[in-house]
Amino acid sequence: MNELEQRIANLEAVEAIKSLKFRYFAACDNKRPEQVRNCFADGEVDLRYGRIGDFRSADDMVAVFTRLACVEHIVEMHHAQNPCVTVHSPTEASAEWGLYYFMIDTNQQTATQLGGSYDDEYRCINGDWKITKSVFTLSSTLITELSEGLAKLVFAGRTAPSEIDDPNRQAG
């Protein structure tokens, strides 16, 4: 492969990886667990999502996603930003992503805003890029309690105490 072909292949890989991450977030927001699962490689993966959990299998992560997020009273928005994608070879890549996340829990009448970053690794398998590693690092949390006409600050800072921000409470 000549230099121009390599540069074009790298650009195509970067765009495919960006599209993969955007599809992942859209599938999360639209509560489509099978589409979420399709974003990950089969077999062992390394997924570390803070309080949501650490997973060695995409199926295990999707089971928790389904229980916590695929319910009517949870409304989510994932916004990826500032992708820095590095192609290491025709089949290996990594990326850093910023995340702005907003969730409304209509049962608890709360709104949660998170900021953070993802460090991801990808593998191209049979022509399709898949996530093999994803580590989320939380950088900010804002939790508000909603009531008629008012919003009350519950927490503002980096990481809310688990008694305030327990993902398992939203499943109920």
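Two strands count as paired if DSSP finds at least two bridges between them. Keep that in mind as we walk through this model, which is a predicted one.

Let's start with strand 1, residues 44-48, and its partner strand 2, residues 54-57. The two run antiparallel and are joined by three bridges, so they pass the cut-off of at least two. If you want a spot to look at, find R48, which stands opposite D54 in strand 2. Five residues sit between the strands of this hairpin. In the hairpin you'll also come across G50, whose phi is positive, near 55 degrees.

Strand 1 has another neighbour, too. Three bridges tie strand 1 to strand 6, and here the two run parallel. On this side, L47 stands opposite S134 in strand 6.

Now go back to strand 2 and pick out S57, which lies in that strand. Is S57 buried or exposed? Its relative accessibility is 19%, and because buried means under 20%, S57 counts as buried. Leaving aside residues up to four places away in sequence, S57 touches G43, V45 and L47. That brings us back to L47, the residue opposite S134 in strand 6. The side chain of S57 also has polar company: it reaches the backbone nitrogen of D59 at 3.1 Å, and the backbone nitrogen of D60 at 3.2 Å.

Next comes helix 3, which covers residues 58-69. V62 is found in this helix, and with a relative accessibility of 10% it counts as buried, because the limit is under 20%. Which residues does V62 touch, if we skip those up to four places away in sequence? They are P33, V36 and R37. Take P33 as an example: it is 29 residues from V62 along the chain, yet the C-alpha atoms of V62 and P33 are separated by 6.2 Å.

Then there are two asparagines with backbone angles worth a look. Most residues other than glycine have a negative phi. N82, though, has a positive phi, near 50 degrees, and N126 has a positive phi near 50 degrees as well. Where do you find N82? It is in strand 3, whereas N126 lies in the loop between strand 5 and strand 6. N82 has a relative accessible area of 58%, so it is exposed, the threshold being over 50%. N126 counts as exposed for the same reason, with a relative accessibility of 79%.

Finally, let's turn to the largest pocket, which holds about 860 Å³ of space. There are 37 residues lining this pocket, and the closest to its centre are I52, Y101, L114, P167 and Q170. Which elements each supply at least two residues of the lining? Two helices are on the list, helix 1 (3-29) and helix 3 (58-69). The strands are strand 3 (74-89), strand 4 (92-105), strand 5 (110-125) and strand 6 (128-147). So helix 3, where V62 is found, turns up again here, because it gives at least two residues to the lining. As for character, the lining divides into 22 nonpolar residues, eight polar and seven charged.

Key
Residues numbered from 1 in each chain as written. Predicted model: local features only at pLDDT ≥ 70, side-chain atom pairs only at ≥ 80, totals over all residues. Heavy atoms only, no water. 1 Å grid on protein atoms, 1.4 Å probe; cavity = no way out; pocket = protein on both sides within 12 Å on 5 of 7 lines; lining within 4 Å. Points joined across faces, edges and corners; volume = space filled by probe spheres on them. Helix = DSSP H or I, 4+ residues; strand = E, 2+ residues; numbered from the N terminus. Nonpolar A, V, L, I, M, F, W, Y, C, P; charged D, E, K, R; others polar. Buried < 20%, exposed > 50% of the residue type's maximum accessible area, 1.4 Å probe, protein only. Polar contact = N/O pair within 3.5 Å; in protein donor to acceptor, adjacent residues only side chain to side chain. Contact = heavy atoms within 4.5 Å.
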